[in-house]
Amino acid sequence: MTLQVQPKLIVHGGAGSSLHGKGGLEAVRNSLTKIIEEVYSLLVRGATASEAVVRGCQLLEDDPRFNAGTGSVLQSDGQIRMSASLMDGSLGRFSGVINVSRVKNPIEMALFLQNSPDRVLSDYGSAELARELQLPTYNALTDLRLKEWMQEREENFHKSMAGVVAEPELAESSHAGRGTIGVVALDGYGQLAAGTSTGGKGFERIGRVSDSAMPAGNYATKYAGVSCTGIGEDIIDECLAPKIVIRVTDGMSLKESMLRSFTEASKNGRDFGAIALDATGAISYGKTSEVLLAAYHNGDTIGDTLEWNDGELIGYC
């Protein structure tokens, strides 16, 4: 099929506290840029939005720098439990897994569930699905995440609005607890999709459910798509992703929708970020947190938000 529109793409690796040091910033930039380049090339070659989103999430999950898949944080009992979801905007279909363990790419399970009559599975159901799919057992633990957990247990590790990057040189001050990864894509056929994956916020109560497995944190229709990151409870309280998308559906521009939604969130004292695309190809991103680790391809060039700190709640291109 011939591409009908210029594909657009935006990804994120979390939101949180400031990055410490230029080395960390450049490492994150390199990671996000490589992922943008690979996934955007798929879109140019005719991949669907859902295919691009899944591939982008896989790459982000596989990078131990981010808190999803490999490198996920540990919960209070020392176990890793991950959550992920996918929403195909052209179908208006949401699917996801909650608190799944010992798999490499939770987003792949969310993709499988797109065509299931039961589209969101919790821990026991997710484990059974992993067995049915014969997914290899995988240990997502990294040495740094284990060290963080042990420091927390010893009350020597103090999380301050947990950041999102696991830099070896920042091991003593790495606050990785609420990182999330996400991808939103507009394909060459005008279709939108969004995907989000996380290892959780770290040291949480067993059974806690992340916004990443809910429409509150990941939502897409034929009008717009949004992936959120940050404090999950704040995202849930704002019902952030569908709020933005519904406002676009009702006729508001993506820029206006993001600005209104983040202005409300700021007044409510929320702490999070989001990335968004609409069907016209508009790209937007917003944050009430200090930093948002996002990168995008606007059809001509690659840009990112790593040094975006101009006091504005949203960015737009």
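Which element gives the most to the lining of the second largest pocket? The answer is α4, with four residues, and the paragraphs below place that helix in its setting.

The structure is a predicted model, in which local features need pLDDT of at least 70, side-chain atom pairs count only at pLDDT 80 or more, and totals for chains, interfaces and linings use all residues. Residues are numbered from 1 along each chain as its sequence is written, and side-chain values use heavy atoms, with hydrogens and water left out.

The protein chain has eight helices and 13 strands; these are DSSP runs numbered from the N terminus, with H or I and at least four residues for a helix, and E and at least two for a strand. Of its 317 residues, 59% are buried, where buried means under 20% relative accessible area, exposed over 50% and partly exposed in between, with a 1.4 Å probe and protein chains only. The accessible surface of the protein chain is about 12,700 Å², and carbon and sulfur atoms hold 49% of it; such areas come from the Shrake-Rupley method with a 1.4 Å probe, and for residues only the protein chains shown count as cover. Among contacts (heavy atoms within 4.5 Å) with a separation of 6 or more, 67% join residues 24 or more positions apart.

Two pockets come next. A pocket is found on a 1 Å grid over the protein atoms alone, as an open set of points where a 1.4 Å probe fits, with protein on both sides within 12 Å along at least five of seven lines; lining residues have an atom within 4 Å of a point. The volume is the space filled by probe spheres set on the points, which are joined across faces, edges and corners. The largest pocket holds about 230 Å³ of space. Thirteen residues line the largest pocket, and Gly78, Gln79, Ile80, Arg102 and Asn139 are the closest to its centre. By class, the lining of the largest pocket comprises seven nonpolar, four polar and two charged residues. In this division Ala, Val, Leu, Ile, Met, Phe, Trp, Tyr, Cys and Pro are nonpolar, Asp, Glu, Lys and Arg are charged, and the others, Gly among them, are polar.

The second largest pocket has a volume of about 200 Å³. Its lining numbers 13 residues, with Val100, Ser101, Arg102, Ala127 and Ala130 nearest the centre. Two or more residues of this lining come from each of β3 (93-100) and α4 (123-132). Six of the lining residues of the second largest pocket are nonpolar, three polar and four charged.

Strand β3 also contains asparagine 99. The phi of asparagine 99 is near 55°, a positive value in a residue other than glycine. Most residues other than glycine have a negative phi. Asparagine 99 is buried, at a relative accessible area of 8%. Glutamine 134, in the loop between α4 and α5 (143-153), likewise has a positive phi near 55°, but glutamine 134 is exposed, with a relative accessible area of 69%.

Helix α2 (residues 49-62) shows the expected geometry: at 1.5 Å a residue, its 14 residues should span 20 Å, and its end C-alpha atoms are 20 Å apart. The expected span is 1.5 Å times one less than the number of residues. Eleven of the 14 residues of α2 are buried, so the helix is largely enclosed by the rest of the structure. Among those buried residues are Val53, Val54, Leu59 and Leu60, as well as Gln58 and Glu61.

Individual residues show how separate parts of the chain meet. Leucine 25, in helix α1 (residues 22-44), is buried at 10% relative accessibility. The C-alpha atoms of leucine 25 and glutamate 307 are 8.5 Å apart, although 282 residues separate them along the chain. Glutamine 114 occupies the loop between α3 (106-113) and β4 (120-121) and is buried at 6% relative accessibility. Beyond its neighbours within four places in sequence, glutamine 114 is in contact with residues including Leu86, Asp88, Phe94 and Arg119.

Alanine 265 lies in helix α8 (residues 254-267) and is buried, with a relative accessible area of 0%. Outside its neighbours within four places in sequence, alanine 265 is in contact with Glu238, Arg270, Phe272 and Thr288. Cysteine 239, in the loop between α6 (232-238) and α7 (240-249), is partly exposed at 37% relative accessibility.
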